[in-house]
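Trainee: I am new to this structure and would like a close look at one part of it. Could you take me through that part slowly, and then show me what surrounds it?

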Amino acid sequence: RNYRTTQPIAAAAAEIVAGSGDTDGEAAEQECIHTGPRPALYAAQGTTDQWRKIAHWIVSEARRLRLPAGAAAVLVPSSDVGNPLAEALRDHGLPARFMKSQGFDLDEPGVKVTTLHAAKGLEFPIVVVAHVEAGRLPRETAATDPDERAAFEESQRRLLYVGCTRAMRRLLVTYDRSLPSPFLAGLSGERWEVAG
């Protein structure tokens, strides 16, 4: 039984690992206690549009859940986009700070911006997984052996799955429409809502 995420989030996240060699069969069939809306996908027209959408969505969903904006976390593939994204959220009026895994403070009142790796084991009512783009997720690898490359890609796919399942009530996945991650290719309109 899953007490953390809603049934629609668990089912949608399971699509990310469906058919991969590392599929967790239980992930697709787990019984969830909570329900809610389907998670949303947003294809942004560039970085500025992506960050604007994230800020507006957090405000809207926090209000809908009657929670402070600090109940939200934005998870990114790497730290190189974490700091500028946190700054952009502050420019949109949201208190936000990029946190590395060592300095992570769950009691921080603002929006937590951190990497997917640092978010393992954590959970938040509202989660945005941002910059799910080719070259970022999966990131480039120096591996040349086909088996090594395949194992690396599976670990990156699993990382996206884990990031999505950090969401307890609301989930938004964003990406630049010109660079969608190949991991988004198999996601269905049945499980995911296309955000406008």
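Mentor: Let us begin with helix α1, keeping in mind that this is a predicted model. Helix α1 is mostly covered, since 10 of its 11 residues are buried. The buried residues of α1 are Pro8, Ile9, Ala10, Ala11, Ala12, Ala13, Ala14, Glu15, Ile16 and Val17.

One partner of this helix is α5. Helix α1, which spans residues 7–17, packs with helix α5, residues 146–164, at an angle of about 175°, and the two axes are 9 Å apart. Angles over 145 degrees count as roughly antiparallel, and α1 and α5 are therefore roughly antiparallel to each other. On the α1 side, the residues that meet α5 are Ile9, Ala13, Ala14, Ile16 and Val17, while α5 contributes Arg157, Arg158, Leu160, Tyr161 and Cys164. Sorted by class, this contact of α1 with α5 holds 8 nonpolar residues and 2 charged ones, with no polar residues.

From there we can turn to the sheet, in which 7 strands are arranged in the order β5-β6-β4-β7-β8-β3-β9, forming an open sheet with parallel pairing. Its edge strands are β5 (96–98) and β9 (193–194), each of which pairs on one side only. Strand β3, made of residues 40–44, runs parallel to β9 and is joined to β9 by 2 bridges; in one of the pairs, Ala40 has Glu193 of β9 as its bridge partner. Helix α3 packs on this sheet, where it touches β3, β4 (72–76), β6 (111–115), β7 (124–129) and β8 (167–176), and the direction of α3 makes about 165° with that of β8.

Within α3, which covers residues 47–65, one residue worth following is Asp49. With a relative accessibility of 14%, Asp49 falls under the 20% limit and so counts as buried. The side chain of Asp49 makes a polar contact with the side chain of Tyr42, at 2.8 Å, and another with the side chain of Arg52, at 2.5 Å. If neighbours within four places in sequence are left aside, the residues in contact with Asp49 are Tyr42 and Ala44. Tyr42 and Ala44 belong to the stretch 40–44 that forms strand β3, and β3 is among the strands that α3 touches, which brings the view from a single side chain back to the packing of helix on sheet.

Conventions: Residues are numbered from 1 along each chain as its sequence is written. This is a predicted model: local features need pLDDT of at least 70, side-chain atom pairs count only at pLDDT 80 or more; totals for chains, interfaces and linings use all residues. Side-chain values use heavy atoms; hydrogens and water are left out. Axes are lines fitted to C-alpha atoms, for helices over the stretch in contact, and angles run from 0 to 180 degrees between N-to-C directions. Helices (H or I, at least four residues) and strands (E, at least two) are DSSP runs, numbered from the N terminus. Angles under 35 degrees count as roughly parallel, over 145 as roughly antiparallel, 65 to 115 as roughly perpendicular and the rest as oblique. Contact means heavy atoms within 4.5 Å. Ala, Val, Leu, Ile, Met, Phe, Trp, Tyr, Cys and Pro count as nonpolar, Asp, Glu, Lys and Arg as charged, and the others, Gly among them, as polar. Buried means under 20% relative accessible area, exposed over 50%, partly exposed in between (1.4 Å probe, protein chains only). A polar contact is a pair of N or O atoms within 3.5 Å; within protein, one must be able to donate a hydrogen and the other to accept it, and residues adjacent in sequence count only if both atoms are side-chain atoms. Two strands pair if DSSP finds at least two bridges between them.
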